[in-house]
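Morning, everyone. I'll keep this short: let's put the structure up and then walk through the binding site together.

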Amino acid sequence: MMREEMLKMLRGNIGDRVVEAMGRVPRELFVPESIRYMAYEDHPLPIGEGQTISAPHMVAIMCDVLDLQEGMKVLDVGTGSGYHAAVMADLVGPKGHVYSIERVPELVVYARRNLREVGIENVTVVEGDGSGGLPDHAPYDRINVAATAPKVPEPLKDQLGVGGKLVIPVGSCYQELVLVIRTEEGFELEHHGGVVFVPLIGDHGFKV
Ligand code: SAM
């Protein structure tokens, strides 16, 4: 499958801005060279260290439900290859910024290299346990979590600004994509169907 075929699959199901952003980010440069020919197939691919880059439709759905707008400040938990962060960086534009946190040091190096090679300048990759968020840059307009948690981590809710949105897979055997919206009064939840993700490992995730 090529980039244009992926975009064709997404059109009509996903908002135009997200489809256009995914059309601009070269996904093949975020997967290992030996499997580049599979980069646009609609399933997760291995990126080393037992981790995966999420399937294109999942990146698209998560960006769509987050409703990312120009100038927003975003926290991305689980950088992996850096691809999802790159798509979000495109959506928030040069006035916006994505802080992306990854617990596996080798993947931090990998993602930084990928983002540099693609020329994306508005993503900062940080090494650490993102299950507790990244308080230094809070509050965030949007938070994206690309690994499943036993429940929505409280620190992530706390680091969301009023009007902010957080998307996260929740559960172990059965996982569901949950959207948390922070309002003046508190938090509203929306459920966006069953998903399959690797575990969020950390203080506010699954313990090793
Ligand atoms: N978004 C990534 C991409 O575009 O390639 C794919 C993410 S992969 C499905 C999930 C990532 O979450 C893995 O790289 C894993 O190491 C990372 N992860 C798991 N627990 C974490 C934690 N507590 N903090 C930060 N990253 C974590």
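Okay, start with the space itself: the largest pocket holds about 520 Å³. Bear in mind that this is a predicted model, so every value I quote is computed from it.

What lines that pocket? There are 35 residues in the lining, and T52, A146, A147, F197 and V198 are the ones nearest the centre. Sorted by class, you get 19 nonpolar, 13 polar and three charged residues in the lining. As for secondary structure, β2, α3, α4 and β4 each put at least two residues into the lining. If you want to find α3 on the screen, that's 56–66.

Now, where is the ligand? It sits in that largest pocket. Around the ligand we have a shell of 25 residues, with S81, E102, D129, G130 and I201 as the closest. The class split for this shell is ten nonpolar, twelve polar and three charged.

Which elements feed the shell? β2 at 51–53, α4 at 83–92 and β4 at 97–102 each supply at least two residues. β2 gives the most, with three residues. So β2, α4 and β4 turn up in the shell and also in the pocket lining.

Let's get to the polar contacts, since I guess that's what you'd look at for a docking setup. On S81, a polar side-chain atom is 2.6 Å from an oxygen atom of the ligand. H84 comes in through its backbone: an N or O atom there lies 3.0 Å from a ligand oxygen. And then D129, where an N or O atom of the side chain is 2.9 Å from a nitrogen atom of the ligand. How much of the ligand's accessible area does the protein cover? It's 99% of the 600 Å² that the ligand has on its own.

Two backbone details before I stop. The peptide bond from A138 to P139 is cis, with omega near 5 degrees. P139 is in the loop between β5, which is 123–127, and β6, which is 140–145.

The other one is E49. Its phi is near 60 degrees, so we have a positive value in a residue that isn't glycine. E49 belongs to the loop that runs between β1, at 45–48, and β2, and β2 is the strand that gives the most residues to the ligand shell.

That's my tour, thanks for listening.

Methods. Residues numbered from 1 in each chain as written. Predicted model: local features only at pLDDT ≥ 70, side-chain atom pairs only at ≥ 80, totals over all residues. Heavy atoms only, no water. Near = heavy atom within 4 Å. Polar contact = N/O pair within 3.5 Å; in protein donor to acceptor, adjacent residues only side chain to side chain. Areas by Shrake-Rupley, 256 points an atom, 1.4 Å probe, with all protein chains shown as cover. 1 Å grid on protein atoms, 1.4 Å probe; cavity = no way out; pocket = protein on both sides within 12 Å on 5 of 7 lines; lining within 4 Å. Sits in = over half its atoms within 2 Å of the grid points. Helix = DSSP H or I, 4+ residues; strand = E, 2+ residues; numbered from the N terminus. Nonpolar A, V, L, I, M, F, W, Y, C, P; charged D, E, K, R; others polar. Points joined across faces, edges and corners; volume = space filled by probe spheres on them.
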